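I am opening a fresh page in my notebook to keep track of what I look up, one entry at a time. I will start from a single residue and work outwards.

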Amino acid sequence: QVQLVESGGGLVQAGGSLRLSCAVSGSIFSINAMGWYRQAPGKQRELVAAITSRVSTNYADSVKGRFTISRDNAKNTVYLQMNSLKPEDTAVYYCNADLVRVGVSGAYNYWGQGTQVTVSS
């Protein structure tokens, strides 16, 4: 079993900051890429930021310069620091991990349950 548990969402005023965390637990051999996605009401889920095992990062254009993704491999945790938040950042944020389980061949994709981020104007 693998679990991804997100935390850190909430309500914040425009211009404020939040830090999301996602802890991965279970019988994990290795974690490749980790990322954050978001889905606003009536919209498709979109990539916000991703980070590889070699700490290469990728960001959606809409969050570049405001959001920072990082990971702590010792804790199997990925973070998303969100600054200068805007009302259009309001969405459910999902953690994603591409990982290899102990005793299982190949890498598989796993999702967290999501955490709500609401930015008021």
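Entry 1. Leaving aside its neighbours within four places in sequence, which residues is Thr 115 in contact with? I must keep in mind that this is a predicted model. I found that Thr 115 touches Glu 6, Gly 9, Leu 20, Ala 91, Val 92 and Tyr 93, when neighbours within four places in sequence are set aside. I placed Thr 115 in strand 11, and I noted it as buried because its relative accessibility is 11%, where buried means under 20%. I also looked up its side chain, and a polar atom there lies 3.4 Å from the backbone nitrogen of Gly 9.

Entry 2. From Thr 115 I moved on to Tyr 93, since the two are in contact. With neighbours within four places in sequence left aside, the contacts of Tyr 93 include Trp 36, Tyr 37, Leu 80, Met 82 and Val 117. I then looked up the largest nonpolar core, which has 31 residues, and read that Tyr 93 is among those with the most contacts inside it, together with Val 24, Trp 36, Leu 80 and Met 82. Several elements give two or more residues to this core, among them strand 1, strand 3, strand 8 (77-82) and strand 11 (115-120). The largest share, five residues, comes from strand 9.

Entry 3. I turned next to strand 1, which covers residues 2-7. In a regular strand the side chains alternate between the two faces of the sheet. I listed Val 2, Leu 4 and Glu 6 on the covered face of strand 1, and Gln 3, Val 5 and Ser 7 on the uncovered one. Strand 1 runs antiparallel to strand 3 (residues 18-26), and six bridges join them; I noted that Val 2 has Gly 26 as its bridge partner in strand 3.

Entry 4. How many aromatic pairs does the structure hold? I found one aromatic pair, formed by Tyr 37 and Trp 111, with an edge-to-face arrangement at 4.9 Å centre to centre and 65 degrees between the planes. Tyr 37 lies in strand 4 (residues 28-39) and Trp 111 in strand 10 (residues 107-111), so the pair ties together parts that are 74 residues apart in sequence. I recorded Tyr 37 as partly exposed, at 23% relative accessibility, and Trp 111 also as partly exposed, at 38%. The ring of Trp 111 has the charged end of Arg 45 sitting over it, 4.7 Å from the ring centre, and in a similar entry I wrote that the charged end of Arg 19 sits over the ring of Tyr 79, 4.1 Å from its centre.

Entry 5. My last stop was Thr 77, found in strand 8 and counted as buried because its relative accessibility is 7%. Its side chain reaches the backbone oxygen of Lys 75 at 2.9 Å. Not counting residues up to four places away in sequence, Thr 77 touches Cys 22, Ala 23, Met 34, Ser 70, Arg 71 and Asp 72. In the loop between strand 7 and strand 8 I found Asn 76, whose phi is near 50 degrees, a positive value in a residue other than glycine. Ser 84 has a phi near 50 degrees as well, and I located Ser 84 in the loop between strand 8 and strand 9.

Terms used: Residues numbered from 1 in each chain as written. Predicted model: local features only at pLDDT ≥ 70, side-chain atom pairs only at ≥ 80, totals over all residues. Heavy atoms only, no water. Phe/Tyr/Trp six-rings, centres within 6.5 Å; stacked < 30°, edge-to-face > 60°. Helix = DSSP H or I, 4+ residues; strand = E, 2+ residues; numbered from the N terminus. Buried < 20%, exposed > 50% of the residue type's maximum accessible area, 1.4 Å probe, protein only. Lys NZ or Arg CZ within 6 Å of the ring centre and 35° of its normal. Pairing = 2+ DSSP bridges. Core = buried A, V, L, I, M, F, W, Y, C linked by side-chain atoms within 4.5 Å. Contact = heavy atoms within 4.5 Å. Polar contact = N/O pair within 3.5 Å; in protein donor to acceptor, adjacent residues only side chain to side chain.
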